[in-house]
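Please work through the exercises below with the sequence and the 3D structure open beside you. Try each task on your own before you read its solution.

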Amino acid sequence: METKVFDKLSKFLLPIASKLNNNRYLKALRDAFLLALPLTIFGSIAVVLTNLPFLEKMMSTDHLDTFRSAFGIASQATMGIMSVFVVFGIGYYLSKHYKVEAIFGGAIALTSFFLLTPFFLTPEGGDPIQNVIPIDRLGAKGMFLGMMVGFLSTEMYRSIVQKNITIKMPAGVPPTVARSFSALIPVIITLSVFLGVNIVVTQVFQTNMHDVIYNVVQAPLVGLGSGIVPTLIAIFLIQILWFFGLHGQIIINSVMDPIWNTLSIENLNTYTETGEVPHIISKQFIEVYTVGMGGTGMTLAVIAAIILFMKSKQMKQVAKLGLGPGIFNVNEPIIFGLPVVMNPLILVPWIIAPMIVTLVTYLAMSMGLVPPPTSVAIPWTVPVIVNGILATNSIAGGLMQLVNFLIVLIIWFPFLKLIDRMNLEKEQQKDKENQKVS
Amino acid sequence: MKKILLACSSGMSTSLLVTKMLEYAKSVGDEVEIWAVGQDEAKKEMEKADVVLIGPQMRFLQEELQTEAQKYDIKVDVIDMAAYGMADGKKAYDQALRLMGNR
């Protein structure tokens, strides 16, 4: 009975998963964030180093300030201007998908983005300073505009290229030269459109596209995404997808990442300036506090429960197999071996435990018991406790994970015990049969 | 030389199975090359492979990869869930051999 229902649901989810995973825009976006990731990790290392808790005791305030400002450029040049990499990445990967000259796609997307960016800064109560780009426009604040411009400019560029309105060169002209000319018409048309938009918006409406998109699209969406309820919904969907054996994060994160990453950059920029963290929910909250304890569903606690308290051979074997990868947050052995997939006995703890842990962590952070993640980027394969301490720059961040570990263990325990007993009965029966045969 | 390509989201969890499959192939004396990649590299890498196996959590890739694999006349299949979970090298290797046929 149950398997029939699950099979049907699985058949229903498969095409949705496929569509989301293979959607060209979401794919380009995912790749663009992946392009920015190593750069943000580099910047994060600098932030972690300059904010080590014992530095304040070792150095005088003057020295510490000098040290921080010397290293500060490392995060400003990476996370501080992350929209630049995302815009370029979208242009590059989307062009690549359409099989048009990808590097031009990236450059056009970036230039289109700059065409809409104010090249002046108005200090509070002062006159505008000309010929500077306010850095926050290239970081968190410009993220959504950047993504939109990336997609739109690339779509324009590639459709003009594919219509073949290009300058044809006579044979014998070196291919690179020919390419640079053939890129000319699509480039000029695309950039003219964005220049035109900027002229209308700045001259007629006396504003700029950055402020329009920030206020109309980004601020409301990101504000919504920083709440606990949408976060719990996202966790719920990820767990459900994995329950059907589908990679939940690949599917859900491709939708949520723009929001979570924007929250992260806002966090990190505020943190490096003031030491405060404005948002609890961020990309790192999700990675460290919902996945970073053995993988999706925080299954390191499940492995511990099996090793410590369960007796059946089958479970022990799965736990032994899952322990090594589990330490580094890879848990396919548990998901497919225990198995979690389509296992009605596991559905409840599988979905409930991460949601409760997320809620408890969120509450602990909003009450100030544990500092929220500063949003330094940490590779998702960094083991539990270490990632919690690094993420929050506090021992409390690691202790929080110990509490979460116990929560997961307690929620799972009765269900594991039930499966253990069923497995034991089966194993004993098999043993008896084997004895009879021999 | 049998060449088997495994693919999942980032090539991490399938790399677990690679070790086990290699161990098994060695124990039966087969000469093989088995490697794991993420979904984005899979299309490029399959050129060098005789067969492609996908981690079950990425099984929604099958159709797309199979279309690409037709160019090289190779088969793409999803690794059996139980074999994947238990990192059963023998079962996964046998599955690969069956798909390869007489290559």
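## Exercise 1: A kinked helix

**Task.** Find which residues of H11(A) are buried, what covers them, and whereabouts the helix bends.

**Solution.** Keep in mind throughout that this is a predicted model. The buried residues of H11(A) are A:Met209, A:His210, A:Ile213, A:Tyr214, A:Gln218 and A:Val222. In an α-helix there are 3.6 residues to a turn, so residues three or four places apart point the same way. Next, look at what lies over these buried residues: the cover includes helix H7 (135-138), helix H8 (143-163), helix H10 (184-204) and helix H13 (248-274) of chain A. To check the length, take the 17 residues of helix H11 (residues 209-225) of chain A, which at 1.5 Å a residue should span 24 Å, and compare this with the 22 Å between the end C-alpha atoms, which agrees. Finally, H11(A) has a kink of about 40°, and the kink is centred on A:Asn215.

## Exercise 2: Buried, exposed or in between

**Task.** Decide how A:Asn198 and A:His279 are classed by their surroundings, and name residues that they touch.

**Solution.** Begin with A:Asn198, whose place is in helix H10 of chain A. A residue is buried if 20 or more other C-beta atoms lie within 10 Å of its own, and exposed if 12 or fewer do. A:Asn198 has 18 other C-beta atoms within 10 Å and is therefore partly exposed. Leaving aside neighbours within four places in sequence, A:Asn198 is in contact with A:Leu115, A:Leu116 and A:Met209, and A:Met209 is also one of the buried residues of H11(A). The chain also brings A:Asn198 and A:Pro118 to 9.4 Å from each other, C-alpha to C-alpha, although they are 80 residues apart in sequence.

Turn now to A:His279, which is found in the loop between H13 and H14 of chain A. A:His279 has 20 C-beta neighbours inside 10 Å, so it counts as buried. Not counting residues up to four places away in sequence, A:His279 touches A:Ser226, A:Leu263, A:Glu266 and A:Asn267. From A:His279 to A:Ser264 the distance is 8.1 Å, C-alpha to C-alpha, with their positions 15 residues apart in sequence.

## Exercise 3: Unusual backbone in loops

**Task.** Describe the backbone at A:Lys99, A:Met298 and A:Pro339, and say in which loops these residues are found.

**Solution.** As background, most residues other than glycine have a negative phi, and most peptide bonds are trans. A:Lys99 has a positive phi, near 60°, in a residue other than glycine, and it is found in the loop between helix H5 (82-97) and helix H6 (102-115) of chain A. A:Met298, which is not a glycine either, has a positive phi of about 50° and lies in the loop between helix H14 (283-291) and helix H15 (300-309) of chain A. Their surroundings can be read from the neighbour counts: A:Lys99 counts as exposed because it has 10 C-beta neighbours inside 10 Å, whereas A:Met298 counts as buried because it has 28. The last step concerns the peptide bond from A:Leu338 to A:Pro339, which is cis, with omega near -15°. A:Pro339 is found in the loop between H17 and helix H18 (344-366) of chain A.

## Exercise 4: Chain B and its partner

**Task.** Describe the build of chain B, then the contact between the two chains, and then the largest nonpolar core.

**Solution.** Chain B has five helices and four strands, and from the N terminus on its elements run β-α-β-α-β-α-β-α-α. The radius of gyration of chain B is 12 Å, close to the 13 Å that the globule rule gives for 103 residues, so chain B is as compact as a globular protein of that length. Of its 103 residues, 49% count as buried.

For the contact, 19 residues of chain A meet 16 residues of chain B. On the side of chain A that touches chain B, the elements that give two or more residues are helix H1 (2-22), helix H16 (313-327) and helix H17 (332-337) of chain A. The residues of that side divide into twelve nonpolar, six polar and one charged.

The largest nonpolar core has 76 residues, of which A:Ala301, A:Val408, A:Trp412, B:Val52 and B:Ile54 touch the most other members. Helix H20 (residues 395-437) of chain A gives the most to this core, with seven residues.

Conventions:
Residues numbered from 1 in each chain as written. Chains lettered and ligands numbered in written order. Predicted model: local features only at pLDDT ≥ 70, side-chain atom pairs only at ≥ 80, totals over all residues. Expected span 1.5 Å × (residues − 1). Bend = angle between axes of the 7 residues up to and from the residue. Contact = placed C-beta atoms within 7 Å. Rg over C-alpha atoms; globule rule 2.2 N^0.38 Å. Nonpolar A, V, L, I, M, F, W, Y, C, P; charged D, E, K, R; others polar. Core = buried A, V, L, I, M, F, W, Y, C linked by C-beta atoms within 7 Å.
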